[in-house]
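This report walks through two parts of a structure, a pair of packed helices and a small sheet. Please look at the sequence and the model before reading on.

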Amino acid sequence: MLQIIDVTFGYGEKPLYEGVNFRVSKGQKIGLVGPNGSGKSTLLSIIRGEEHSFTGKVKLEGTISFVPQEIKHDVVMESSATVLEYVDPKSMFQNHEIFKMFKGLELSVSLDHNPKTLSGGQKTKLALARALFQNPDILLLDEPTNFMDTNGKAWVMRFLANYNGAVIVISHDLELMDNSIDKILSVTPYNHKIEEYKGTYSDFVRLKKDKEENLRKELEIKSRHLKRTEERYNNSRAVATKSILRRKVERERENLPEVPPELKRISIRLPEPKRIGEVPMKTTSIKKSFSEVEVLTDVNFTILRGERIALIGSNGTGKSTFIKILMDMISPDSGEVYRNGDLLVGYYSQEFETFDFNKSVMDTFVEATKMNEGMARSFLGKFMFAGDKQFQRVGSLSGGEKTRLSIACLTGKDNNLLILDEPTTYLDVMSQRIILESLKEYKGTMIIVSHSPDFMKELKPTKAYLFPQQKMLYWDDELLDKISEV
């Protein structure tokens, strides 16, 4: 059905992967994993025939559909007058079948709605619905569960697990379709390979962990041997012996195994937040309605200096609306928002509204933080932007890379309040570690929304504010169950 033969691809002289070979058979379920920016989405472009600057062969039989992680320019969507025309152009399905699909995807829109006016998350769900209705032989999905609560993610993964055709999916929620995965393709940038692991996602996690542990042990043994050889070289006075030992040191250095970034220790030093009073921000009797629907009712919310408050609640209960009111992006119908005069807010949103996509990573970071370029190079390196990557255009970055850049910009200046709306949405495991370590190091005040219980547990909030109850509680790890439920 699909065969990749000796494919090599890169940008300029820098390869992403070399000599890649794998096969996808009828009905197989394949997870594609790897760090953000490693070329996973590019591989899907190669398979679809939209990327041509590679060597090797792609043999494809059957129909194929693709859903990207961000809907930027969908020609079909832009030419469709209604949601119904977009998802079911040939009128093959009953309305109740379409709404059943929408319910599973947590998509609440009318069929006569203009799809061009929908939010980024709604457009992605709509494109996913269209692809599932097309029932292709091969379904290519790039982060299909972004913008979804836990129930929606589980529904999508169950649907894919039972899908008759072949599926290649990039997702941070592969454990939800674990037993249906036939193999994992793992992009490993440090050696420019795509490694194949047969079996379930759990098998892959175990095998990868064993492989990394063996690599760590090999590195320790060879490093100790190299150190002893270097000591002999430094202590030797005989010219001939010194020459032999020098060549031996060089050979041993060359033979040290390449170390994946996952095995390196992460250490990030952040600027001190600007001094601020005891109460950075508070709200009094906030109310907000949209048409006939009351979203927020009499919200009284106070955050004290140094606190970390988790906003917890299902989609549609008012979390994002409340954040936009705090950020003065929308106005409440009534009530007041108090902001301390020394308040400096760093805001992260999944939509990346604040970025100029034509600017480089370096220019974006320097403009945001006012760091000199030397310090900026070092700081960006901690967030996995090194070398040429620092001068790459922001618009060409993956969703996860944009998230890393956004958090780098927020933590690289002296903001004394961070407001973070789902900062882990696009992130692979390595990127989550980097973001987590930077936020744990942050000494200021924080308001955060996240559907990741593990991430929230590591972050150690001091309080939680529940939606739609609009109730403040002191933090207890039992609240992690509520995060899992939403």
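## A pair of packed helices

In this predicted model, helix 10, which covers residues 361-369, packs against helix 12, which covers residues 399-411, at an angle of about 25° and with the two axes 8 Å apart. Because angles under 35 degrees count as roughly parallel, helix 10 and helix 12 are described as roughly parallel to each other. Their crossing is right-handed.

On the side of helix 10, the contact is made by Val-361, Thr-364, Phe-365, Ala-368 and Thr-369, while helix 12 contributes Leu-405, Ala-408 and Cys-409. Sorted by character, the residues of this contact comprise 6 nonpolar and 2 polar ones, with no charged residue among them.

## An open sheet of three strands

Elsewhere in the model there is an open sheet of 3 strands, arranged in the order 11-10-13 with antiparallel pairing. Strand 11 (293-303) and strand 13 (334-339) are the edge strands, each of them pairing on one side only. From one strand to the next, the twist averages 20°.

Strand 10, made of residues 281-290, runs antiparallel to strand 13 and is joined to strand 13 by 5 bridges. Within this pairing, Lys-287 stands opposite Ser-334 of strand 13.

## A helix on the sheet

Helix 9, which spans residues 319-326, packs on this sheet and touches strand 10, strand 11 and strand 13. The direction of helix 9 makes about 125° with that of strand 10.

Terms used: Residues numbered from 1 in each chain as written. Predicted model: local features only at pLDDT ≥ 70, side-chain atom pairs only at ≥ 80, totals over all residues. Heavy atoms only, no water. Axes fitted to C-alpha atoms, helices over the stretch in contact; angles between N-to-C directions. Helix = DSSP H or I, 4+ residues; strand = E, 2+ residues; numbered from the N terminus. Parallel < 35°, antiparallel > 145°, perpendicular 65-115°, else oblique. Left-handed = near helix turned anticlockwise from the far one by under 90°. Contact = heavy atoms within 4.5 Å. Nonpolar A, V, L, I, M, F, W, Y, C, P; charged D, E, K, R; others polar. Pairing = 2+ DSSP bridges.
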